[in-house]
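Got your viewer open? Load the model, pick a colouring you like, and follow along from stop to stop.

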Amino acid sequence: MINVTVIGFGHVGSALTLLLLNNLHPLRINVMEPSKTCEGAILDMAHGMSLYQNKALHLNDEELFLHADFIFFTAGATNTQGNSRLSIVNQNIQLSKEIFEPRTFTRNTYIIVITNPVDIISHSVQLFSGLPAENVIGTGTFLDSMRLEYYLSTLTPYQPTDFKAIVLGEHGASQVPIYSMTKLNGQPILSHSALKSQDLELAASLTRNAAFEIRKTQKATTYGVSKCAATILDYLLGDEQYTIPLSVLTNEYFRKMLNLDHDIYISLPVIVNKGKIEINSGFEFTNEELNSLRKSAAILASIIKPNL
């Protein structure tokens with residue numbers, strides 16, 4: 001069985017665990033959560049184990065944690081409604097240090113970071129875990145790309161699955177929709193008659209503010225990002241090739257393109273192929289998109305440098 005550890009059993013951790021139990025792959029799922037309040041929920045999930053194929057569920061098993069093939073990091077403080085994800089950066093950097101710095105993993109472990117601010121925390125997890133950069137990725141703007149596909153569909157007669165949208169940069173206010181590479185049923189969206197420029201601007205605004213809208217009626221964004229995280233695992237375990245945006249450490253190509261003097265984690269186009277992660281350096285951006293990406297990178301760089 002494949003060893004998977006989920007760190008944190010809050011809104012996202014619990015939703016993700018349920019998705020993993022319904023995954024097609026044989027998974028040994030280990031939840032790491034210090035709070036006793038999760039024990040009833042874990043027991044509740046365990047009562048359905050006879051209905052899940054090739055699954056096992058454990059709570060706070062340190063050995064399984066150290067021997068994990070995949071780790072999902074969902075624990076941490078959440079920003080209050082109306083405040084930026086960046087407002088909780090110091091608390092969650094410290095938590096990532098406490099969890100990952102003392103431990104040494106025995107396998108070629110992949111860590112998928114969900115905790116916000118996801119670009120900064122992905123960077124801190126990579127540093128404190130000592131794992132190679134290609135083994136630590138953040139959900140990043142994969143979620144924002146899915147959100148953009150949804151909002152584009154609400155402005156047209158089309159379904160979200162008809163769109164292939166790409167959002168890059170910070171998973172936050174400075175995110176950049178890459179409309180030059182976004183497609184509707186395989187056709188470039190900028191040349192499609194279904195959407196005007198004002199529609200594209202509206203969809204980008206709705207995407208950027210989606211978390212604030214969701215949190216008007218619930219405590220956290222939960223289901224979309226959980227689905228993205230579970231999908232990343234499916235892609236890593238699958239045989240097909242996918243290109244999706246993920247938060248990864250910049251390579252030399254993007255470091256120069258974004259005018260950075262040091263590497264940062266930021267969402268870039270990534271090729272996922274048979275358990276391997278590789279930055280796709282073949283993308284070409286418009287001048288406007290590139291300038292926006294540079295501004296987004298500068299924001300993240302200004303936070304990463306003094307804190308890590």
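**First stop: inside helix 5**

Select Ser124: its relative accessibility is 0%, so it counts as buried, the cut-off being under 20%. Keep in mind as you go that this is a predicted model. Ser124 sits in helix 5, which covers residues 118-129. Now show what lies around Ser124: setting aside residues up to four places away in sequence, it touches Ile93, Ser96 and Leu308.

**Just before the helix: a cis bond**

Slide back along the chain to Pro117, in the loop between strand 5 (110-113) and helix 5. Bring up the backbone of Asn116 and Pro117 and check omega: the peptide bond joining them is cis, with omega at about -10 degrees. As a rule, most peptide bonds are trans.

**Across to strand 12**

Next, select Ser247, which belongs to strand 12 (residues 241-249). Is Ser247 buried or exposed? Its relative accessible area is 0%, so Ser247 is buried. Turn on side chains here and look for Asp119: the side chains of Ser247 and Asp119 are joined by a polar contact of 2.7 Å. Asp119 brings you back to helix 5, whose range is 118-129.

Which other residues is Ser247 in contact with, leaving aside neighbours within four places in sequence? Colour these groups to see them:

- Val118 and Ser122, along with Asp119
- Val136, Ile137, Gly138 and Gly140
- Tyr265, Ile266 and Ser267

**Strand 4 and its neighbours**

Move on to Phe70, found in strand 4 (residues 70-73). Phe70 has a relative accessibility of 7%, and therefore counts as buried. Not counting neighbours within four places in sequence, Phe70 has contacts with Ile2, Asn3, Val4 and Thr5, and also with Tyr110, Leu233, Leu236 and Leu237. Tyr110 may ring a bell: strand 5 runs over 110-113.

Before leaving, draw a distance line from the C-alpha of Phe70 to that of Ala204. The two are 32 Å apart in space and 134 residues apart in sequence.

**Two loops with positive phi**

Time for some backbone angles. Most residues other than glycine have a negative phi. Select Asn54, then, which is not a glycine but has a positive phi of about 55 degrees. You'll find Asn54 in the loop between helix 2 (39-46) and strand 3 (55-59).

Jump from there to Lys274, another non-glycine residue with a positive phi, this one about 50 degrees. Lys274 is in the loop between strand 13 (265-273) and strand 14 (276-279). Switch on the surface here: Lys274 has 57% relative accessibility, so it counts as exposed. Strand 13, on one side of this loop, includes Tyr265, Ile266 and Ser267 by its range, and those residues are contacts of Ser247.

**Zoom out**

Now fit the whole chain in the window. How many helices and strands are there? The tally is eleven helices and 14 strands. Along its principal axes, the C-alpha trace spans about 50 × 45 × 40 Å. The radius of gyration is 19 Å, which agrees with the value near 19 Å that a compact globule of 308 residues would have.

Some last views of the whole chain:

- Colour by burial: 54% of the 308 residues count as buried.
- Draw the contacts: of those with a separation of 6 or more, 73% are between residues 24 or more positions apart.
- Show the accessible surface: it comes to about 14,000 Å², with 51% belonging to carbon and sulfur atoms.
- Mark the charges: there are 23 positive and 28 negative ones, and their mean positions are 2 Å apart.

Conventions: Residues are numbered from 1 along each chain as its sequence is written. This is a predicted model: local features need pLDDT of at least 70, side-chain atom pairs count only at pLDDT 80 or more; totals for chains, interfaces and linings use all residues. Side-chain values use heavy atoms; hydrogens and water are left out. Helices (H or I, at least four residues) and strands (E, at least two) are DSSP runs, numbered from the N terminus. The radius of gyration is taken over C-alpha atoms; the globule rule is 2.2 Å times the number of residues to the power 0.38. Buried means under 20% relative accessible area, exposed over 50%, partly exposed in between (1.4 Å probe, protein chains only). Contact means heavy atoms within 4.5 Å. Accessible areas come from the Shrake-Rupley method with a 1.4 Å probe; for residues, only the protein chains shown count as cover. Lys and Arg count as positive and Asp and Glu as negative; His and the chain ends are not counted. The place of a charge is taken as NZ of Lys, CZ of Arg, CG of Asp or CD of Glu. A polar contact is a pair of N or O atoms within 3.5 Å; within protein, one must be able to donate a hydrogen and the other to accept it, and residues adjacent in sequence count only if both atoms are side-chain atoms.
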